[in-house]
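Trainee: Please take me slowly through one part of this structure, and explain the terms as you go.

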Amino acid sequence: MAMLVLAVLFMFMTRMSVVASDNSSLVTFVFGDSLTEVGNNNHLQYSLARSDYPWYGIDFSGRQATGRFTNGRTIGDIISAKLGIPSPPAYLSVSNDDDALLKGVNYASGGAGILNDTGLYFIQRLSFDDQINYFKKTKEQIKGKIGEEAANKLCNEAMYFVGLGSNDYVNNFLQPFLADGQQYTHDEFVDLLISTLDHQLSRLYQLGARKLVLHGLGPLGCIPSQRVKSKKGQCLKRVNEWVQEFNHKAKRLTTTLNGRLPNAQFLFADTYPAVLDLIENPTAYGFKVSNTSCCNVDTSIGGLCLPNSKVCGTRRDFVFWDAFHPSDAANEVLAEKLFSSVFSATAAPPKAH
């Protein structure tokens with residue numbers, strides 16, 4: 001489900017009292033999966049995790065698929081527009097000498113996970129480790145443009161958004177034909193995720209990250225691809241319990257990292273309650289359907305909105321676009337809700353610590 005992308009990012013910035021009056025000075029680096037991707041996988045020739053099919057982007061500017069896994073905008077697109085800044089471009093769409101690198105880029109890739117073996121059957125995708133490697137390369141490119149001291153300052157002052165973990169469940173642990181679901185108990189698996197994430201976030205810190213938002217997972221047991229496993233089409237309680245266990249340990253990890261890494265300001269953003277409320281109470285937000293997707297997908301072969309899929313008549317009635325991803329309308333609701341929270345936060349003076 002939509003993971004609050006830049007909304008949480010800017011909420012964090014207001015809490016840290018670093019929102020500048022000139023938003024054009026903001027530099028953001030985004031790491032994630034299909035919930036935050038803006039087109040990296042379009043540049044991976046053999047990737048099966050793609051959204052460059054005709055129905056994707058039908059409600060986006062130009063009505064063309066851009067590599068976003070929805071019918072329109074991500075939450076990041078909506079919040080960025082409200083703030084008057086562009087969404088960070090897909091890293092693989094930016095040339096090595098492009099000045100856009102100085103404003104931040106988006107490394108997110110559909111199918112990506114915390115673990116390198118997550119999403120293997122997609123053939124190509126950028127795992128979190130791959131994305132960090134590309135960030136390392138980006139920093140070297142920035143050094144070449146503005147020098148080492150200025151590059152270090154830019155990276156230290158930039159905002160980092162990390163949103164991964166959904167695929168480690170949906171396209172790994174919850175798949176009965178993959179090794180991890182058979183090899184590990186859930187307690188062992190979540191500990192593996194957290195220990196791997198510890199090393200990855202520490203590496204980002206070593207590369208310059210100081211202000212970082214790690215989002216929690218939404219109620220994955222309630223997305224259409226999981227509901228079909230229930231005889232009555234209900235949310236999978238056990239999956240949601242596992243997700244909440246991951247969130248609890250991920251939040252604790254950010255606290256640990258803040259204590260261990262000098263000047264680290266890592267924030268865990270718990271997105272679970274807001275997303276669950278939208279799914280459980282859709283009519284309160286103007287929706288009619290939250291238990292299935294607008295695009296009539298075949299969940300047995302991936303759950304994406306393929307060209308031969310049938311699309312619902314009124315797209316604004318549906319919380320989900322395909323078996324995994326929210327609709328443009330759902331992203332708009334969440335963005336509006338969070339936008340008001342962001343700017344109510346800026347109106348209040350910072351608390352003394």
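Mentor: Contact here means heavy atoms within 4.5 Å, and helices are DSSP runs (H or I, at least four residues) numbered from the N terminus. The model is a predicted one, in which local features need pLDDT of at least 70, side-chain atom pairs count only at pLDDT 80 or more, and totals for chains, interfaces and linings use all residues. Residues are numbered from 1 along each chain as its sequence is written, while side-chain values use heavy atoms and leave out hydrogens and water.

With that in place, look at helix H5, which spans residues 166-173 and is mostly covered, since eight of its eight residues are buried (under 20% relative accessible area, 1.4 Å probe, protein chains only). Following the helix along, you meet these buried residues as Ser 166, Asn 167, Asp 168, Tyr 169, Val 170, Asn 171, Asn 172 and Phe 173. They pack against helix H6 (179-183), helix H7 (186-206), helix H8 (224-227) and helix H9 (237-260).

H5 also takes part in the largest pocket, whose volume (the space filled by probe spheres set on its grid points, which are joined across faces, edges and corners) is about 590 Å³. A pocket is an open set of points on a 1 Å grid where a 1.4 Å probe fits, with protein on both sides within 12 Å along at least five of seven lines, and lining residues have an atom within 4 Å of a point. Of the 33 residues that line the largest pocket, those closest to its centre are Phe 122, Val 170, Asn 171, Gly 302 and Phe 324. H5 and H8 each give at least two residues to this lining, and the largest share, four residues, comes from H5.

Notes: Buried < 20%, exposed > 50% of the residue type's maximum accessible area, 1.4 Å probe, protein only.
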